[in-house]
Amino acid sequence: MERIEKILRDCDALLEGHFILTSGRHAAYYMQCAKILQNPNVTEEIVGDYLCDLGGLDYDGIEVVVAPAVGGIVLGYELARQLGAKSIFCERENGKMTLRRGFEIKKGTKVLVAEDVVTTGGSVREVMEVVGAAGGEVVAVALLVDRTGGTVDFGVKTAAAYTTTIESYDADECPLCKEGKLPAVKPGSRGQN
């Protein structure tokens with residue numbers, strides 16, 4: 001965890017301010033994992049040392065790694081590369097997560113879902129639904145950052161390279177909004193930056 005935290009700080013991936021998360025919740029801290037994932041050597045190290053080797057997951061038989069666009073794509077690709085699996089991603093079409101671009105999951109396919117950062121787990125659950133509807137079997141979830149302190153439960157084995165608790169708030173109960181602190185910005189994959 002110390003090594004990952006150092007990487008987060010060295011890459012300026014941990015931001016402080018007033019943020020609107022992908023889930024719609026507000027927070028004083030934001031994990032900009034793209035700052036880590038832009039560096040192939042660092043991504044390779046994190047995946048190899050913290051997700052493939054130390055995650056405690058059994059990756060045998062994984063045929064496909066599926067990630068939600070856009071944040072999970074690079075992590076999913078590197079996981080697939082190291083595991084010798086195929087890498088595909090889901091993306092939103094008319095507000096709903098779906099497989100596009102000719103991607104398919106055959107019935108009975110063993111799938112690993114990869115995501116860069118989890119706050120509520122909504123995107124991961126949506127990807128799991130897409131996989132299930134296609135007939136695939138999600139056997140595990142791999143995360144770069146788990147903001148829930150390890151409390152998120154996807155009903156399958158889950159590994160995170162870095163686990164922390166970063167408090168988030170419903171928009172109407174956000175103390176940062178009530179205090180008038182900075183305008184809230186939305187830096188995530190559905191945001192503006």
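## Close-up views of a predicted model

F103 counts as partly exposed, at 25% relative accessibility. This value sits between the 20% cut-off for buried and the 50% cut-off for exposed, so F103 falls in the middle class. The model shown is predicted. F103 returns in the second view, with its ring partner F89.

**View 1. F19 and Y30 form a tilted aromatic pair.** The structure holds 2 aromatic pairs. In the pair of F19 and Y30, the ring centres lie 5.6 Å apart. The planes stand at 40 degrees, between the limits of 30 and 60 degrees, so the pair counts as tilted. F19 belongs to strand β1, residues 14-20. Y30 belongs to strand β2, residues 26-31. The pair therefore ties together parts 11 residues apart in sequence. F19 has a relative accessible area of 6% and is buried. Y30 is buried as well, with a relative accessible area of 8%.

**View 2. F89 and F103 form an edge-to-face pair.** Their ring centres are 5.1 Å apart. The planes meet at 75 degrees, so the pair is edge-to-face. F89 sits in strand β4, residues 86-93. F103 sits in the loop between β5 (96-99) and β6 (110-118). The contact thus ties together a strand and a loop, at positions 14 residues apart in sequence. Is F89 buried or exposed? F89 is buried, with a relative accessible area of 16%. F103, at 25%, is partly exposed.

**View 3. β1, β2 and β9 make an open sheet.** The 3 strands run in the order β1-β2-β9, with antiparallel pairing. Which strands stand at the edges? They are β1 and β9 (168-169), each with a single partner strand. One side of each is therefore left without a neighbour in the sheet. Strands β1 and β2 pair in the antiparallel sense over 5 bridges. Here L15 stands opposite Y30 in β2. Y30 is also the ring partner of F19 in the first view.

**View 4. R9 and E5 meet in a salt bridge within one helix.** The structure holds 11 salt bridges. Side chains of opposite charge can pair when their charged atoms come close. Between R9 and E5, the N to O distance is 3.4 Å. Both residues lie in helix α1, residues 2-10. They are 4 residues apart, about one turn of the helix. E5 is partly exposed, at 31% relative accessibility.

**View 5. A salt bridge joins E44 and R81.** The distance is 3.1 Å, N to O. E44 lies in helix α3 (residues 40-52) and R81 in helix α4 (residues 73-83), so the bridge ties together parts 37 residues apart in sequence. E44 counts as partly exposed, at 38% relative accessibility. R81 counts as partly exposed too, at 43%.

**View 6. R101 and E91 form a salt bridge.** Their closest N and O atoms are 2.6 Å apart. R101 lies in the loop between β5 and β6, and E91 in strand β4. The pair thus ties together parts 10 residues apart in sequence. R101 is exposed, at 58% relative accessibility. E91, in contrast, is buried, at 11%. Which residues join R101 and E91 in a network? They are E93 and R100, linked through salt bridges that share partners.

How values were computed
Residues are numbered from 1 along each chain as its sequence is written. This is a predicted model: local features need pLDDT of at least 70, side-chain atom pairs count only at pLDDT 80 or more; totals for chains, interfaces and linings use all residues. Side-chain values use heavy atoms; hydrogens and water are left out. Rings of Phe, Tyr and Trp (its six-membered ring) pair if their centres lie within 6.5 Å; planes under 30 degrees apart count as stacked, over 60 as edge-to-face and the rest as tilted. Helices (H or I, at least four residues) and strands (E, at least two) are DSSP runs, numbered from the N terminus. Buried means under 20% relative accessible area, exposed over 50%, partly exposed in between (1.4 Å probe, protein chains only). A salt bridge is a side-chain nitrogen of Lys or Arg within 4 Å of a carboxyl oxygen of Asp or Glu. Two strands pair if DSSP finds at least two bridges between them.
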